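Student: I would like to practise reading a structure feature by feature. Could we take the strands, then the pockets, then the charged pairs and the core?

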Amino acid sequence: MRDYNRTRKSILGKILLIPMLIAILFAVAIISDAITLDQVLTAGSASGVMCASMALIGNIGRVSDKFTAGKQIIARVILITLDQIDESVPFPTPNTAREVGTIPLKKGEFMHSFQAIDDSLEDKSSGSKGDITTEVTNEFTFILGGHRGQIHQFLEDHAGDRFIIIYQMTDRSYWVLGNDLKPMLLKSFERLNGKDSRSATVTFGNTSFEQPYKYVGAIVTVPPVELAADATSIAFSAAQQYTTGDNAGATTIATFSGLSASDIGRTVEICGGGGAYPTQIAETDGIILRGGETWIGNAGSSIVFQVLDANTLVEVSRVQTA
């Protein structure tokens, strides 16, 4: 009987030793920051899958105040609507370093930047466990200053629209929110023009599990084509924007060239260059204006046309400043 008890205790001791050895292996691997699935557990176990994903994350250590300080987003925000994205080109997928490459834009499109009020930008995300799954909410907010026609036009035309957002940190790195399948929606805005403020607060959001990725692609900015002073015709090219010149006398654009059947559906934007004699665009046989109202190219004014055919432009929208 004593031999039996000794044998049983010996077997139990060996059995209990196995989890202790596994625990020691885990501890050693964590300390050396070298834990892998093959070193500790077999590939088929559920716990092994969890360890593998955590191994990709690694240890998260402490950082100094340099990395925890707020107000580190530069006031320049780049907004790209889904309509600007070239769907014929695959949207970039993040690499293992959580980096995203250049976002493909349609021909003639480029990225537009919005200058926000300093320290008004806020990028935040929250998640809470429900009965079945975790509910995630991502939100990006900033404030545009002033009582301006451009802001009003943006709010009118893009409320509820879908965007890819790129913003820059003070360390000059860029970060991107949203993608072609789960964009950031312009969910709400608040415009003020009163005793306390003249501004517009815009809030974007989505419910994606994806958090910000580092943007390592190109910031595609194409300067507008500058028209010659006193030009009465526009020679269109691949550029999307054109700026009127500083004229010596009254100038009206009545004709254009450079368009073909391949440009049908494309939009072009004319921006006012101002000056003592700002360029005007009047309605003609080939230029159709809303209500037939002449556009005046004062500084800050702009007008967008859609190409109906190689010989016809139709006004889509305008900003008319005094």
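Student: How many bridges join β20 to strand β21, and do they run parallel or antiparallel?

Tutor: Strands of a sheet pair through backbone hydrogen bonds, either parallel or antiparallel. In this predicted model, β20 and β21 (residues 312-319) run antiparallel and are joined by seven bridges. One facing pair is I303 with R318 of β21. The connection between β20 and β21 is a hairpin through two residues.

Student: Which strand does β20 join through five bridges?

Tutor: That is β16, residues 267-271, which runs antiparallel to β20, residues 302-309. Within this pairing, E269 has V304 of β20 as its bridge partner.

Student: What pairs with β16 in the parallel sense?

Tutor: Strand β13, residues 241-243, does so over three bridges. T243 is the residue opposite C271 of β16.

Student: In what order do the six strands of the open sheet stand?

Tutor: The order is β11-β13-β16-β20-β21-β18, and the pairing is mixed. β11 (225-226) and β18 (287-288) each have a single partner strand and stand at the edges, so one side of each is left without a neighbour in the sheet.

Student: Now the pockets. What is the volume of the largest pocket?

Tutor: The largest pocket has a volume of about 1600 Å³. Its lining counts 47 residues, and those closest to its centre are H112, H158, Q241, E269 and V304. Two of these names have come up already: E269 and V304 are the bridge partners discussed above.

Student: Which elements each supply at least two residues of that lining?

Tutor: They are β1 (73-81), β3 (112-115), α5, β16, β20 and β21. The element that gives the most to the lining of the largest pocket is α5, with six residues.

Student: How do the residues of the lining of the largest pocket divide into nonpolar, polar and charged?

Tutor: The lining of the largest pocket has 21 polar, 15 nonpolar and 11 charged residues.

Student: Which residues of helix α5 are buried?

Tutor: In α5, residues 149-158, the buried residues are I151, Q153, F154 and L155. Just after α5 comes G160, with a positive phi of about 80 degrees.

Student: How much space lies in the second largest pocket?

Tutor: The second largest pocket holds about 640 Å³. It is lined by 20 residues, of which F67, T68, A69, Q72 and M169 are the closest to its centre. α4 (65-68), β4 (122-129) and β6 (162-169) each supply at least two lining residues, and α4 gives the most, with three. By class, this lining has eight nonpolar, six polar and six charged residues.

Student: How many salt bridges does a search of the whole structure find?

Tutor: Side chains of opposite charge can pair when their charged atoms come close. Here the search finds four salt bridges. One of them is K124 with E139, where the closest N and O atoms are 3.7 Å apart. That pair links distant parts of the chain, since K124 is in strand β4 and E139 is in strand β5 (residues 134-145), 15 residues apart.

Student: How exposed are K124 and E139?

Tutor: K124 is partly exposed, with a relative accessible area of 47%. E139 is also in the partly exposed class, at 25% relative accessibility.

Student: Are R266 and D263 buried or exposed?

Tutor: Both R266 and D263 are buried. They form a salt bridge with the closest N and O atoms 3.0 Å apart. K195 and D196 also meet in a salt bridge, at 3.3 Å from N to O. K195 is exposed, with a relative accessible area of 79%, and D196 is exposed at 69%.

Student: Last, which residues in the largest nonpolar core touch the most other members?

Tutor: In soluble globular proteins, nonpolar side chains tend to be buried together. The largest nonpolar core here has 22 residues, and L79, L121, F140, F142, F154, I165 and F204 touch the most other members. The elements giving two or more residues to this core are β1, β5, α5, β6, β8 (184-193) and β9 (198-206). The largest share, four residues, comes from β1. F154 is also among the buried residues of α5, the helix that gives the most to the lining of the largest pocket.

Technical notes. Residues are numbered from 1 along each chain as its sequence is written. This is a predicted model: local features need pLDDT of at least 70, side-chain atom pairs count only at pLDDT 80 or more; totals for chains, interfaces and linings use all residues. Side-chain values use heavy atoms; hydrogens and water are left out. Buried means under 20% relative accessible area, exposed over 50%, partly exposed in between (1.4 Å probe, protein chains only). Two strands pair if DSSP finds at least two bridges between them. On a 1 Å grid over the protein atoms alone, a cavity is a set of points where a 1.4 Å probe fits but cannot get out, and a pocket is an open set with protein on both sides within 12 Å along at least five of seven lines; lining residues have an atom within 4 Å of a point. Grid points are joined across faces, edges and corners, and a volume is the space filled by probe spheres set on the points. Ala, Val, Leu, Ile, Met, Phe, Trp, Tyr, Cys and Pro count as nonpolar, Asp, Glu, Lys and Arg as charged, and the others, Gly among them, as polar. A salt bridge is a side-chain nitrogen of Lys or Arg within 4 Å of a carboxyl oxygen of Asp or Glu. A nonpolar core is a set of buried Ala, Val, Leu, Ile, Met, Phe, Trp, Tyr and Cys residues joined through side-chain atoms within 4.5 Å.
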